[in-house]
Amino acid sequence: MLDPVLDPFADVAIRSADEPDPVWLVVVWDDPVNLMSYVTLVLRRVFGYPRERAEELMLRVHHEGRAVVAEEPREQAELHVAQLHGYGLQATIERDV
């Protein structure tokens, strides 16, 4: 048996097939560069939100400094963050607790 200190898989949790994937949050952060109308446009393009929902999220970013714009599996969240970065927005993912 390997020493737990030397075993790289010692603390890797194994998820059973019937457990749901953990949910990750896509967070968009306020910045002094992008116009509010542009942020709304990007949220519509990336997530397919209707104008009203995109504006609501954009206003949350503007007033609160950040907004959770999606809750999804990690791979999808990472893809969306990369897309948001491509549009010049500041975005990160966080594990939903």
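This report covers the fold, sheet, helix packing and nonpolar core of a predicted model.

## Overall fold

The chain has 97 residues. Its secondary structure comes to three helices and three strands. Read from the N terminus, the order of elements is β-α-α-β-α-β.

Contacts can be sorted by how far apart the partners lie in sequence. Among those with a separation of 6 or more, 69% join residues 24 or more positions apart.

## Burial and surface

Buried residues account for 28% of the chain. The accessible surface is about 6,800 Å². Carbon and sulfur atoms hold 56% of that surface.

## The sheet

The three strands form an open sheet. Their order in the sheet is β2-β1-β3, and the pairing is antiparallel. The edge positions go to β2 and to β3, which spans 90–95. Each edge strand has a single partner, so one side of each lacks a neighbour in the sheet. On average, neighbouring strands are turned by 25° against each other, direction ignored.

Strands of a sheet pair through backbone hydrogen bonds, in a parallel or an antiparallel sense. Here, β1 and β3 are joined in the antiparallel sense by six bridges. One residue pair can be named at this point: W29 has Q90 of β3 as its bridge partner.

## Helices on the sheet

Two helices can be placed against the strands. α3 packs on the sheet and touches β1, β2 and β3. The direction of α3 makes about 165° with that of β3.

α2 lies across β1 and β2. The angle between α2 and β2 is about 135°.

## The nonpolar core

The largest nonpolar core contains 21 residues. Those with the most contacts inside this core are V26, V28, L43, F47, Y49, V69 and L84.

Which elements give two or more residues to this core? They are two strands and three helices by name: β1 (24–29), β2 (66–72), α1 (36–47), α2 (51–64) and α3 (74–86). The largest share comes from α1, with five residues.

## F47 in detail

F47 is among the core residues with the most contacts inside the core. It falls within the range of α1, 36–47. Which residues does F47 contact, leaving aside its neighbours within four places in sequence? The partners are V26, V69, A70, E72, H80 and L84.

Several of these partners recur in the core list. V26, V69 and L84 are also among the residues with the most contacts inside the core.

How values were computed: Residues are numbered from 1 along each chain as its sequence is written. This is a predicted model: local features need pLDDT of at least 70, side-chain atom pairs count only at pLDDT 80 or more; totals for chains, interfaces and linings use all residues. Side-chain values use heavy atoms; hydrogens and water are left out. Helices (H or I, at least four residues) and strands (E, at least two) are DSSP runs, numbered from the N terminus. Buried means under 20% relative accessible area, exposed over 50%, partly exposed in between (1.4 Å probe, protein chains only). Contact means heavy atoms within 4.5 Å. Accessible areas come from the Shrake-Rupley method with a 1.4 Å probe; for residues, only the protein chains shown count as cover. A nonpolar core is a set of buried Ala, Val, Leu, Ile, Met, Phe, Trp, Tyr and Cys residues joined through side-chain atoms within 4.5 Å. Two strands pair if DSSP finds at least two bridges between them. Axes are lines fitted to C-alpha atoms, for helices over the stretch in contact, and angles run from 0 to 180 degrees between N-to-C directions.
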